[in-house]
Structure formats: structure tokens, C-alpha cells
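Notebook open. I want to look up a few places in this structure and jot down what turns up.

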Amino acid sequence: MKYEDRTKRMESLLTLYEQRNEDALRITNERYGAYCLSIARNILGDEGEAQECVNDTWLKAWQTIPPKKPNSLKLYLAGITRNLSFNRYKEKTRAKRGGNETALVLDELSEIADGNEDVEKTLIRQELREAIERFLLTLSKRDSDIFVCRYFYTQSQSQIAKRFGLKEGNVRLILLRTRNALKDFLKKEHLL
Amino acid sequence: MTKETLFEIIGELDDRFLTIETKKKKPVTRTLLTAAACVVLCTVLTLSWIGNSSEIRLMRTEGNVSVNYVRKTPHFFPHVYHPSVSDYISGEEILKRGDVDIFRGEVVSLRNIVILYNGHKEYRGLAQIRVDTVYRGSPDTDTVTILMPFGFWFAENMWVENTFVISQIKEGMEGIFFAKRYDTEDVSKMNGETLVLKDIAEYGLLDGDRWCILDGEDGLIYDIFVHEKLFAVQKETGYLSATLEDAEAYVEKILNE
């Protein structure tokens, strides 16, 4: 579909939100339901809980649009679903339930994290986010996409391998090198 | 920072990092094999061209069968193709058929062919599609050939049943194709002769209406009765027509069910 058509379509859907027309939720579910469900499922590993997070996503979208007017509704919804799913994941983990792909992803990220809890402060979080973005720009598009597939979308290494036409071992190696490179990058930026 | 905080911060990345290119990158070995296969194919086609420039060489078919490219179909059809799936089938059933690959791509070329079964003629079309996104299946190459139920040009005042969608296909058009993957068991028999369909195409469309969704100049072209869930989206959005992105969402939703 042409970019202009896609933009026009999204803007018209946002108009439904602004008009508080509840058809917006139904159309959102039809267009983005499967996409958001896959994100939630990757994090939670449970179909029922994933569906609850998706339903909560629509409610959150309804509550925040307007005044928010996202440039990409699809990615805005992805971010909400991811946050909600991860919050639920953390509750499950505290209750000693769960343990799935998200646990593996967090274990990998622990190689980079230094355990310093001062990062809760907003300013430092923003600096870290911007630094990670600068780091991703140093990578090839493929390696950047693989990083995002693993650590944003929480896809399994076998899913990523299939998507990019690589062997699982290659994906594992690319992720390992990328994590090491990110750690070095953040150290040079004095953020670790 | 803790690992959980890092995970949360990654969740705040700008949108421009989150759009993933979906085109599969083939492993180097497979790329080399594909390149080698192309060289062999080009050599074979060149040698064939020296003998007969319009003939398609048939590797598996035996008997008195030949296939040639033609510029256009005649003003009448000596034989009318009948679809192999004549009963009603829903959009979900189409998408869930195990022998059907589903991919999005652009129409690179459309060419007519005449198949001679011991002198008896059948006109069909071959569409070359450059594959951009694969939803199910594993096309062997980036460009695949689909055998169409009939030729691409119709004589005036001629109408062939079950051809509303595919009769509007054009070069350069994008579409989503639900194409039957051919193996050596898929044949066409006529006048006592047998053509192995894999000799002329990797895929086939089972009729001209239900097995693809085309992105036309005025909107999507598809069978609204079979793909009724897609049509429901079109009706509710209030737009003049749905888009190929809607069709993509419809396909992914059914495949994920």
C-alpha cells in the first residue's frame, strides 16, 4: 500500500478516536489485534493472559487518544501492549509463576545491566534510551532489526532465524556480539 | 540499571527502529545454489531459443505435449477451463489449505501460452511474481511463476466463468496470492496426453476469483463473498475500498487462529 494511503487510513482511524466513536476500538482490534496479541504472547507465553493485555491495550489507547496523536498507531499500540505485558510478567515472576522466552531475554540483558538502580530517574533513562538509539544506528539494518526483534518484540531465536533466513546459531552469535558491543558503547558513554 | 529497567528502556525506542524489514535474506549457500541454478537455466533456455524461441522445454512430461508462448489468445476459445474447486469454499478454508503457499508480491510479467495435447489446444497464462513477503510456505526463489486458469486477453463479447478477479491483473500490480504449490503429481490431462504442470510453473491458481487479492488502481479486487471478513472491514471503515495492508492483516489474523 502506498505510504500516503496508509497515512490517510491511520489519520481517519485517529479521527474516530477523537470523535469518541467506539467503532475505533472495533476497527483497531480487527487491524492490529493479531499483531498486538503476538507481542503479548511472546512476553507472557500464555494465550489467555496475552488476550487480556490486548484488551487492556485498547482501553489504554481509548484513554490516551486524544490528546496523544501518534505518528504510527501500530507502533504506539505495540509499545502499550509490551509495557502492559511486561508489567504482568513481573507480577507473575514475583509470584514465582511463569518463566518463558522473557526470562531468557532478561537473562541476556543482564549481561549489559550493572544493577545500579539510580537509573530509575527519568533523565538518566532518557539518556540511556538515546544512547541505545545511537548505538543501533551504528549497526547494519539487519543486526539492528534482529536486536529489536529479540529485545523489543521478545521473539525467540528460532523465530528470528526463520524470519531472516539464518541459522539459529548465527542469530545467537549476532545477538551475543551486539550485546557486547552495546555494553562497550554504554561504557564509553559513561552510562555504565 | 537492572535488566528489567533495560528491557523497559528498550520499550521506549523511537518508532523508526521498530519497523522491521520482513524480506528474508537467504543463506549464502542457498544464494549460491540459486545463482548456479539460474546460470544452468539461462544456458538451457538459450539453447532452446536457438531451436525454437517460443517453446517451453518440458523436463518431466512425456508424450505428444508441447507448450509455446503466444502473443495473445485467439478470438474464440477452443477449450474453456473449468475450475478444479467448484464447491463453495470460505476464505478461512482457502488460507488454511495445506498445499497452498501464501505470499505478497508484484506482477513482473504476464505471458500467454498455448498447450498442445496431441494437437488439441488449450490457452493459459503465466504470471511471474516477484515475492516480497511470505506468510506461509517457502518459495524457492524471489521470483516465481504462477499458472493462471486462462489466457490474459479476452476476445470482445467473450466471458469466462470464475474470472472476475484475475481478468483485471496487470503488470506492476501488487497482490496477495494463495497459490497451489505444484509437485510432480499435479498434471493436466487432455486428449490422451498428460502435462506435468511443474514443467511450466511452480504454482497455480485454482480459479480466477478466489485465490488472490489484487491491489487495483481503484482499490482491492477480490471475491467479497468468499473473503467476507475482509469485506466487513471495508464496509465498516467507510472508505471507498480496503487496502492491501487490510488484506495482509486479514491473512495474518486467520493464519494465527
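**Entry 1: around Tyr182(B).** I started by listing what Tyr182(B) touches, leaving aside its neighbours within four places in sequence: the contacts are Leu147(B), Leu197(B), Lys198(B), Ala201(B), Glu202(B), Tyr203(B) and Gly204(B). Note to self: this is a predicted model. I then looked up where Tyr182(B) sits, and its place is in the loop between β6 (174–181) and β7 of chain B. Is Tyr182(B) buried or exposed? Its relative accessible area is 9%, and buried means under 20%, so Tyr182(B) counts as buried. I also checked a distance: Tyr182(B) and Val196(B) are 14 residues apart in sequence, and their C-alpha atoms are 9.1 Å apart in space.

**Entry 2: the hairpin after that loop.** Next I went to β7(B), residues 187–190. Which residues are on its covered face? I found Ser188(B) and Met190(B) there, with Val187(B) and Lys189(B) on the uncovered face. That fits a general pattern: in a regular strand the side chains alternate between the two faces of the sheet. The partner I looked up is β8(B), residues 193–196, which pairs with β7(B) in the antiparallel sense over 4 bridges. Lys189(B) has Thr194(B) of β8(B) standing opposite. The two strands form a hairpin with 2 residues between them. In that turn, Asn191(B) has a positive phi of about 50 degrees.

**Entry 3: chain A as a whole.** Over to the other letter. How many helices and strands does chain A have? I count 9 helices and 0 strands, so to speak an all-α string when I write the elements out from the N terminus: α-α-α-α-α-α-α-α-α. Of the 192 residues in chain A, 47% are buried. I also pulled the contacts between residues at least 6 apart in sequence, and 64% of those in chain A join residues at least 24 apart. The accessible surface of chain A comes to about 9700 Å², with 48% of it belonging to carbon and sulfur atoms.

**Entry 4: two helices of chain A.** I picked α9(A), residues 168–188, and checked its span. Its 21 residues reach 30 Å from first C-alpha to last, close to the 30 Å expected at 1.5 Å a residue. Which of its residues are buried? My list for α9(A) reads Val171(A), Ile174(A), Leu175(A), Thr178(A), Arg179(A), Leu182(A), Phe185(A) and Leu186(A). Seen down the axis of α9(A), these buried residues fall within an arc of 135 degrees, so they line one face of the helix. Arg177(A) and Lys188(A), on the other side, are exposed. After α9(A) comes His190(A), which has a positive phi near 60 degrees.

Then α5(A), residues 101–109, where the buried residues are Thr102(A), Val105(A), Leu106(A), Glu108(A) and Leu109(A). Down the axis of α5(A) they fall within an arc of 155 degrees, so here too I noted buried residues lining one face of the helix.

**Entry 5: salt bridges.** A general reminder first: side chains of opposite charge can pair when their charged atoms come close. How many salt bridges does a search of the whole structure find? It gives 33 over all chains.

I looked up one in chain A, where the side chains of Arg134(A) and Glu189(A) meet at 2.5 Å, N to O. This pair links distant parts of the chain, with Arg134(A) in α6(A) (residues 122–138) and Glu189(A) in the segment after α9(A), 55 residues apart. Arg134(A) is partly exposed at 38% relative accessible area, and Glu189(A) is partly exposed at 31%.

In chain B, I found Glu92(B) and Lys229(B) in a salt bridge, their closest N and O atoms 2.8 Å apart. Glu92(B) lies in α3(B) (residues 91–96) and Lys229(B) in α4(B) (residues 228–237), so the pair ties together parts that are 137 residues apart in sequence. Glu92(B) counts as partly exposed at 21% relative accessibility; Lys229(B) is partly exposed too, at 44%.

Another one in chain B joins Arg104(B) to Glu245(B), with closest N and O atoms 3.0 Å apart. Arg104(B) is in β3(B) (residues 100–117) and Glu245(B) in α5(B) (residues 244–256), and their positions lie 141 residues apart in the count along the chain. Arg104(B) is buried, with 7% relative accessibility.

Last jotting, back in chain A: salt bridges that share partners join Glu101(A), Glu108(A), Glu111(A), Arg150(A) and Arg179(A) into one network. Two of these names were already in my helix lists: Glu108(A) among the buried residues of α5(A), and Arg179(A) among those of α9(A).

Definitions and conventions. Residues are numbered from 1 along each chain as its sequence is written. Chains are lettered from A and ligands numbered from 1 in the order in which they are written. This is a predicted model: local features need pLDDT of at least 70, side-chain atom pairs count only at pLDDT 80 or more; totals for chains, interfaces and linings use all residues. Side-chain values use heavy atoms; hydrogens and water are left out. Buried means under 20% relative accessible area, exposed over 50%, partly exposed in between (1.4 Å probe, protein chains only). Two strands pair if DSSP finds at least two bridges between them. Contact means heavy atoms within 4.5 Å. Accessible areas come from the Shrake-Rupley method with a 1.4 Å probe; for residues, only the protein chains shown count as cover. The expected span of a helix is 1.5 Å times one less than its number of residues. The arc is that of the directions from the helix axis to the C-beta atoms. A salt bridge is a side-chain nitrogen of Lys or Arg within 4 Å of a carboxyl oxygen of Asp or Glu.
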